[in-house]
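Load the model in a viewer and keep the selection panel at hand. The stops below say what to select next and what is found there.

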Amino acid sequence: MERFSELVRLRRSMRKFTDEPLEQGEIDTILRAALMAPSSKGLRSFEFVVVTRREIIAALSRCKAQGADFLSGAAAAVVVAGDEEVSDAWIEDASVASTLMLLQAEDLGLGSCWVQIRERKDADGGDAEENVRKLLGMPGQMRVLSIIALGHKGMERKPQNEDKLRLDKVHREKW
């Protein structure tokens with residue numbers, strides 16, 4: 001499985017993108033990966049809103065106080081949500097789906113970055129999640145976990161340096 005190990009090593013968060021649009025097939029491939037994500041009890045509590053309109057992406061970039069402004073340069077933004085009425089594990093389900101999108105984007109040679117929304121505030125102290133739900137007309141039971149920024153890479157990043165792995169975070173047999 002050398003290919004997967006290399007994919008994980010190469011994948012880095014990308015916060016700068018070119019102006020080149022994504023092809024529909026690229027977006028569809030990323031979404032198919034997310035839809036195949038494992039989920040609690042196979043309930044697939046995750047749902048996605050794909051945004052490619054610049055003005056909506058720009059509005060999403062202002063949904064929280066900090067850490068989302070780079071979204072305005074992305075070719076697409078995928079809002080990752082979970083239906084809390086379908087599963088109490090919606091956070092885990094949506095997290096796994098988000099991760100598969102990040103990996104699939106890298107496999108296609110595209111850049112991506114996770115923007116945390118759940119439990120974040122906007123500049124006025126309001127709820128970032130509610131801002132996204134209102135902007136996109138999402139039903140009340142849908143919870144927003146993240147936004148995945150997608151686009152063609154606008155910068156170079158070095159692969160992960162395995163010499164800097166925090167092996168002290170790994171415990172064997174017991175703590």
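Select strand β2 together with β4: the two run antiparallel and are joined by 8 bridges. This is a predicted model. For one point of register, pick Val 80, which stands opposite Ser 146 in β4.

Now add strand β1, residues 46–51, to the selection. β1 and β2 also run antiparallel, and 6 bridges join them. Here Phe 46 stands opposite Gly 82 in β2.

Keep β2 (residues 76–83) and colour it by accessibility. How many of its residues are buried? The count is 8 of 8, and the strand is mostly covered. Looking at one side, select Ala 76, Val 78, Val 80 and Gly 82; on the other side, select Ala 77, Val 79, Ala 81 and Asp 83. Both faces are covered, and each of these residues is buried.

**Arg 54 and its contacts**

Move to helix α3, residues 54–60, and select Arg 54. With a relative accessibility of 37%, Arg 54 is partly exposed. Show what Arg 54 touches, leaving out neighbours within four places in sequence: Asp 19, Ser 72, Gly 73, Ala 74 and Ala 75. Then draw a C-alpha to C-alpha distance from Arg 54 to Ala 77, which should read 9.7 Å for a pair 23 residues apart in sequence.

**Ser 112**

Next select strand β3, residues 111–116, and within it Ser 112. Is Ser 112 buried or exposed? Ser 112 is buried, at 2% relative accessible area. Residues up to four places away in sequence set aside, Ser 112 touches Arg 11, Arg 12, Ser 13, Met 14 and Phe 17, and also Leu 102, Ala 105, Ile 148, Ala 149 and Leu 150. Of these contacts, Leu 102 and Ala 105 are also among the buried residues of helix α4, the next stop.

**Helix α4**

Select residues 90–107, which make up helix α4. Its 18 residues reach 26 Å from the first C-alpha to the last, close to the 26 Å expected at 1.5 Å a residue. Highlight the buried positions: Trp 90, Asp 93, Ala 94, Ala 97, Ser 98, Met 101, Leu 102, Leu 103, Gln 104, Ala 105 and Glu 106. After the helix comes Gly 109, with a positive phi near 85°.

**Salt bridges**

Show charged side chains throughout. A search of the whole structure finds 10 salt bridges. One of them pairs Arg 3 with Asp 107, with the closest N and O atoms 2.5 Å apart. Arg 3 belongs to helix α1 (residues 2–10) and Asp 107 to α4, so this pair ties together parts 104 residues apart in sequence. Arg 3 is exposed, with a relative accessible area of 56%, whereas Asp 107 is partly exposed at 34%.

Now select helix α5, residues 128–136, and look at Arg 133 and Glu 129, which lie 4 residues apart, about one turn of the helix. They form a salt bridge whose closest N and O atoms are 3.1 Å apart. How exposed is each partner? Arg 133 is buried, with a relative accessible area of 13%, and Glu 129 is buried at 2%.

Leave Arg 133 selected and add Glu 130. These two also form a salt bridge, with the closest N and O atoms 2.4 Å apart. Glu 130 and Arg 133 are 3 residues apart in α5, again about one helical turn. An α-helix has 3.6 residues a turn, so residues three or four places apart point the same way. Glu 130 is partly exposed, at 27% relative accessible area.

To see the wider arrangement, add Glu 84 and Arg 143. Together with Glu 129, Glu 130 and Arg 133 they are linked in a network of salt bridges.

**A nonpolar surface patch**

For the last stop, switch to a surface view and select Leu 165, Leu 167 and Val 170. They form a nonpolar patch on the surface, with about 300 Å² of accessible area together. Leu 167 sits in the segment after β4 (142–151). At 62% relative accessible area, Leu 167 is exposed.

Key
Residues numbered from 1 in each chain as written. Predicted model: local features only at pLDDT ≥ 70, side-chain atom pairs only at ≥ 80, totals over all residues. Heavy atoms only, no water. Buried < 20%, exposed > 50% of the residue type's maximum accessible area, 1.4 Å probe, protein only. Contact = heavy atoms within 4.5 Å. Expected span 1.5 Å × (residues − 1). Patch = residues over 30% accessible without salt bridge, like charges linked within 9 Å, V, L, I, M, F, W, Y side chains within 5 Å. Areas by Shrake-Rupley, 256 points an atom, 1.4 Å probe, with all protein chains shown as cover. Salt bridge = Lys/Arg side-chain N within 4 Å of Asp/Glu carboxyl O. Pairing = 2+ DSSP bridges.
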